[in-house]
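Visitor: I am new to reading protein models, and I would like a close look at a single part. Could you take me slowly through the strands and the core that goes with them?

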Amino acid sequence: MKILYLTCIVSGLCFMQHHANAQLLNKVRQKLENAAEQSVNKALGTDKNTSPAPTPSTSSGSRARNKGGAGLVTTPPDVKENLTNAESKYKAGQYGQSRAALQQAMLGVEMEIGQKILKSLPEAISGLKKNAESDQVTSTGWGWAGLTIQRQYTDSNEKELTVTVVNNAALLSAVNLYLSNGGYSQTTGGKQDWKQTKVKGNRAVIEYDENSGYKLTVPVGQSSVLVYEGVNFKDEPELMTAANAVDIAGIKKMLGEK
């Protein structure tokens with residue numbers, strides 16, 4: 001009987017020891033698993049218990065933005081200086097530099113003509129004042145090709161007139177083709193959107209578009225065109241009155257056109 005009793009006690013102690021060992025092993029295993037999980041999360045940057053690494057400031061590596069400045073000083077090419085330089089380079093056999101100096105001289109002449117044409121335009125047309133900041137004179141500086149002179153007039157609201165003098169062979173050819181074909185006419189939905197007309201005795205083409213308004217194109221000589229673009233003008237007579245305010249003969253003379 002004693003032996004049986006002792007056997008039961010030993011078995012119970014063994015069972016209890018085994019259960020305790022199993023709990024201890026579970027705790028150790030759980031800690032190991034947690035530690036492994038944290039290591040992986042840190043490596044991947046997904047550890048919720050770890051504060052995110054500070055993001056490097058982009059401002060320190062970015063370029064500064066310009067917030068002001070007076071811009072460039074307007075300095076058209078000096079015609080006399082470039083002509084003298086072209087002659088000296090030509091005599092020295094430096095033909096490339098001589099050619100470049102001649103091109104700069106030509107550019108200076110075109111810029112001067114452009115400024116004179118701008119000065120000849122009225123200060124105001126049909127109650128619209130000139131917008132001096134929008135005055136433009138551009139040129140490629142070679143044989144009048146690409147010379148463009150432009151001025152805008154505005155009421156500072158929604159009414160606007162743009163006057164452009166441009167050397168554009170393609171545009172001039174298209175206008176002259178239309179003008180030379182007197183029997184050709186165009187209507188859309190019973191309305192005529194463009195037709196021939198005259199401005200100060202010069203033949204011209206006038207167009208109208210619901211979105212862009214009126215456009216009047218006047219050939220000036222053999223290679224230049226004078227273009228009026230009127231936005232929010234009441235009607236055709238109002239635009240024609242504005243067009244007649246420009247000295248077309250004077251512009252033609254300054255351009256050397258016939």
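Guide: What follows begins with the whole chain and then turns to the strands, the core and a few single residues.

This is a predicted model, in which local features need pLDDT of at least 70 and side-chain atom pairs count only at pLDDT 80 or more, while totals for chains, interfaces and linings use all residues. Residues are numbered from 1 along each chain as its sequence is written, and side-chain values use heavy atoms, with hydrogens and water left out.

The secondary structure of the chain comes to 6 helices and 9 strands; these are DSSP runs numbered from the N terminus, with at least four residues of H or I for a helix and at least two of E for a strand. Of the 258 residues, 27% count as buried, where buried means under 20% relative accessible area, exposed means over 50%, and partly exposed lies in between, with a 1.4 Å probe and protein chains only. Among the contacts in the chain with a separation of 6 or more, 50% are between residues 24 or more positions apart, a contact being heavy atoms within 4.5 Å.

A good place for the close look is strand 5 (160–167). Of the 8 residues of strand 5, 7 are buried, so this strand is largely enclosed by the rest of the structure. Strand 5 runs antiparallel to strand 4 and is joined to it by 7 bridges, and strand 5 is also joined to strand 9, again in the antiparallel sense, by 8 bridges; two strands are said to pair if DSSP finds at least two bridges between them. On the side of strand 4, Q150 has T164 of strand 5 as its bridge partner, and I149 stands opposite V165 of strand 5. On the side of strand 9, T162 stands opposite E229. The hairpin of strand 4 and strand 5 has 5 residues between the strands, and in this hairpin S156 takes a positive phi near 65°.

Strand 4 has further partners. Strand 3 (residues 136–138) is joined to strand 4 by 3 bridges and runs antiparallel to it, with Q150 of strand 4 as the bridge partner of Q136. Strand 2 also pairs with strand 4 in the antiparallel sense, over 2 bridges, and here K129 has T154 of strand 4 as its bridge partner.

The next step is the core. The largest nonpolar core has 31 residues, and those with the most contacts inside it are L161, V199, L216, L226 and Y228; such a core is a set of buried Ala, Val, Leu, Ile, Met, Phe, Trp, Tyr and Cys residues joined through side-chain atoms within 4.5 Å. The elements that each supply at least two residues of this core include strand 4 (148–154), strand 5, strand 9 (224–231) and helix 3 (95–120). This core draws at least three residues from each of domain 1 (76–120) and domain 2 (123–183 + 192–255), where the bounds come from an automatic or database domain assignment. In soluble globular proteins, nonpolar side chains tend to be buried together. To take one member of the core, V199 is in contact with A204, L216, V218, Y228, M240, A243, N244 and I248, if its neighbours within four places in sequence are left aside.

Just after V199 in the numbering, K200 lies in the loop between strand 6 (194–199) and strand 7 (202–209). K200 has a positive phi of about 50° although it is not a glycine, and it is partly exposed, with a relative accessible area of 46%. S126, in the loop between strand 1 (124–125) and strand 2 (128–130), likewise has a positive phi of about 50° without being a glycine, and S126 counts as partly exposed at 36% relative accessibility.

Aromatic rings complete the tour. A search of the whole structure finds 2 aromatic pairs, the rule being that rings of Phe, Tyr and Trp (its six-membered ring) pair if their centres lie within 6.5 Å, with planes under 30 degrees apart counted as stacked, over 60 as edge-to-face and the rest as tilted. The rings of Y90 and Y95 have their centres 5.6 Å apart and their planes at 65°, so this pair is edge-to-face. Y208 and Y214 form a tilted pair, at 4.7 Å centre to centre with 50° between the planes. Y208 is partly exposed at 33% relative accessibility, whereas Y214 is buried at 13%.
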